[in-house]
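Got the viewer open? Here is a walk through the model, one selection at a time.

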Amino acid sequence: MKQKLLLLVAVGFAVGLTFPYVSLDSADSRLAVQPGLHYAVLVVHIFTAAVALVVGPLQFMPRVRARRRLHRVLGRVYLLGGVLPSALATVPVAIWSGRPLTQVGLTTAAVLWLGTGVLAYRAARRRDFTAHRAWMMRNYALTLLAVTARLLVPLLILTQLPFGGAPDPKALIPVGQTLGWIVNLIVAELLIRRASASRGSPAVAR
């Protein structure tokens with residue numbers, strides 16, 4: 001049930017994220033980017049992030065995990081068709097933003113996204129499926145930054161309203177982006193530790 005709900009949320013956000021870019025017209029972009037290379041890299045980042053966002057929940061479904069061949073194929077789609085290209089495209093998108101917090105926050109998230117993906121793959125290769133699942137949970141937590149960041153910005157605005165003045169939403173976007181992946185990783189770590197405790201084994205960190 002939880003995985004199905006997560007999948008529905010992921011599909012909904014993926015549609016919302018990609019819709020303005022289906023026309024491939026830079027004038028429809030929600031972010032201020034230059035036409036040409038800048039826009040092309042942004043489109044790659046968004047569409048491949050949507051792939052990771054939607055495929056990720058499928059990998060946690062027991063029925064999919066039970067079908068090992070399907071699980072492996074979807075895992076490759078998730079990592080090679082989603083995480084890898086989107087993370088690589090994140091870096092120039094962050095740098096071109098011109099915002100120091102965005103540059104540092106998103107670049108750090110991209111490096112962690114790639115790193116946890118590599119560690120998840122290595123764990124699967126050595127058939128350490130407990131470690132593989134833990135690293136995939138951390139990795140998908142970073143994928144969910146696309147969701148969390150867009151939920152945090154309105155919350156940040158609401159928390160500042162009582163202190164006078166309406167804050168600029170654009171100024172809070174970098175804060176939401178950075179807090180998003182930090183919050184997601186903390187939640188993922190708590191879930192991993194709770195699962196480890198229920199199995200009576202130490203939390204997986206390697």
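A residue counts as buried when its relative accessible area is under 20%, and as exposed when that area is over 50%. Keep that in mind for the first stop, and remember throughout that this is a predicted model.

**Stop 1: threonine 178**

Select threonine 178, which you'll find in helix 8. Its relative accessible area is 15%, so threonine 178 is buried. Now show what surrounds this side chain: leaving out residues up to four places away in sequence, threonine 178 touches Leu101 and Gly105.

**Stop 2: the aromatic pairs**

Next, colour the aromatic rings. There are three aromatic pairs in the structure. Start with tyrosine 21 and tyrosine 39: the ring centres are 6.2 Å apart and the planes sit at 35 degrees, so this pair is tilted. Tyrosine 21 belongs to the loop between helix 1 (2-18) and helix 2 (37-59), while tyrosine 39 is in helix 2, so the pair ties together parts that are 18 residues apart in sequence. Switch on a surface and check both partners. Tyrosine 21 has 2% relative accessibility and counts as buried; tyrosine 39, at 6%, counts as buried too.

Move on to phenylalanine 60 and tyrosine 140. This aromatic pair is edge-to-face, with 6.1 Å from centre to centre and 65 degrees between the planes. Trace the backbone from one partner to the other and you'll see that the pair links distant parts of the chain, 80 residues apart. Phenylalanine 60 is in the loop between helix 2 and helix 3 (62-66), and tyrosine 140 is in helix 6 (residues 129-143). Both phenylalanine 60 and tyrosine 140 are buried.

Don't clear the selection yet; add Tyr78. Together, Phe60, Tyr78 and Tyr140 make up one aromatic cluster.

**Stop 3: along helix 6**

Which ring does the charged end of arginine 138 sit over? Select tryptophan 135: the charged end of arginine 138 lies over that ring, 4.3 Å from its centre.

Then pick alanine 141, also found in helix 6. Alanine 141 has a relative accessible area of 6%, so it is buried. Its contacts, not counting residues up to four places away in sequence, are Asn184, Leu185 and Ala188. For a distance check, draw a line between the C-alpha atoms of alanine 141 and tyrosine 121: they are separated by 16 Å, and the two residues are 20 residues apart along the chain.

Threonine 143 is another helix 6 residue to click on. Is threonine 143 buried or exposed? At 4% relative accessibility, threonine 143 counts as buried. Setting aside neighbours within four places in sequence, threonine 143 is in contact with Ala52, Leu53, Tyr78 and Trp113. You have met one of these before: Tyr78 is part of the aromatic cluster with Phe60 and Tyr140.

**Stop 4: the pockets**

Time to look at open space. The largest pocket holds about 1200 Å³. To centre the view there, select Leu31, Leu106, Arg150, Ile173 and Gln177, which lie nearest the pocket centre among its 35 lining residues. Several helices contribute to this lining with at least two residues each: helix 2, helix 4 (68-97), helix 5 (100-125), helix 6, helix 7 (145-160) and helix 8 (169-199). Helix 7 supplies the largest share, six residues. Colour the lining by class and you get 22 nonpolar, nine polar and four charged residues.

The second largest pocket has a volume of about 910 Å³. Here, select His71, Arg72, Ala124, Phe129 and His132, the closest to the centre of the 25 residues that line this pocket. Helix 4, helix 5 and helix 6 each supply at least two lining residues, and helix 4 gives the most, with nine. By class, this lining has 12 nonpolar, six polar and seven charged residues.

**Stop 5: two backbone oddities**

Finish on the backbone. Most residues other than glycine have a negative phi. Select leucine 24 in the loop between helix 1 and helix 2: phi there is near 60 degrees, a positive value in a residue other than glycine. With a relative accessible area of 57%, leucine 24 is exposed.

For the last selection, go to arginine 127 in the loop between helix 5 and helix 6. Arginine 127 isn't a glycine either, yet has a positive phi of about 65 degrees. At 55% relative accessibility, arginine 127 counts as exposed.

Notes. Residues numbered from 1 in each chain as written. Predicted model: local features only at pLDDT ≥ 70, side-chain atom pairs only at ≥ 80, totals over all residues. Heavy atoms only, no water. Phe/Tyr/Trp six-rings, centres within 6.5 Å; stacked < 30°, edge-to-face > 60°. Helix = DSSP H or I, 4+ residues; strand = E, 2+ residues; numbered from the N terminus. Buried < 20%, exposed > 50% of the residue type's maximum accessible area, 1.4 Å probe, protein only. Lys NZ or Arg CZ within 6 Å of the ring centre and 35° of its normal. Contact = heavy atoms within 4.5 Å. 1 Å grid on protein atoms, 1.4 Å probe; cavity = no way out; pocket = protein on both sides within 12 Å on 5 of 7 lines; lining within 4 Å. Points joined across faces, edges and corners; volume = space filled by probe spheres on them. Nonpolar A, V, L, I, M, F, W, Y, C, P; charged D, E, K, R; others polar.
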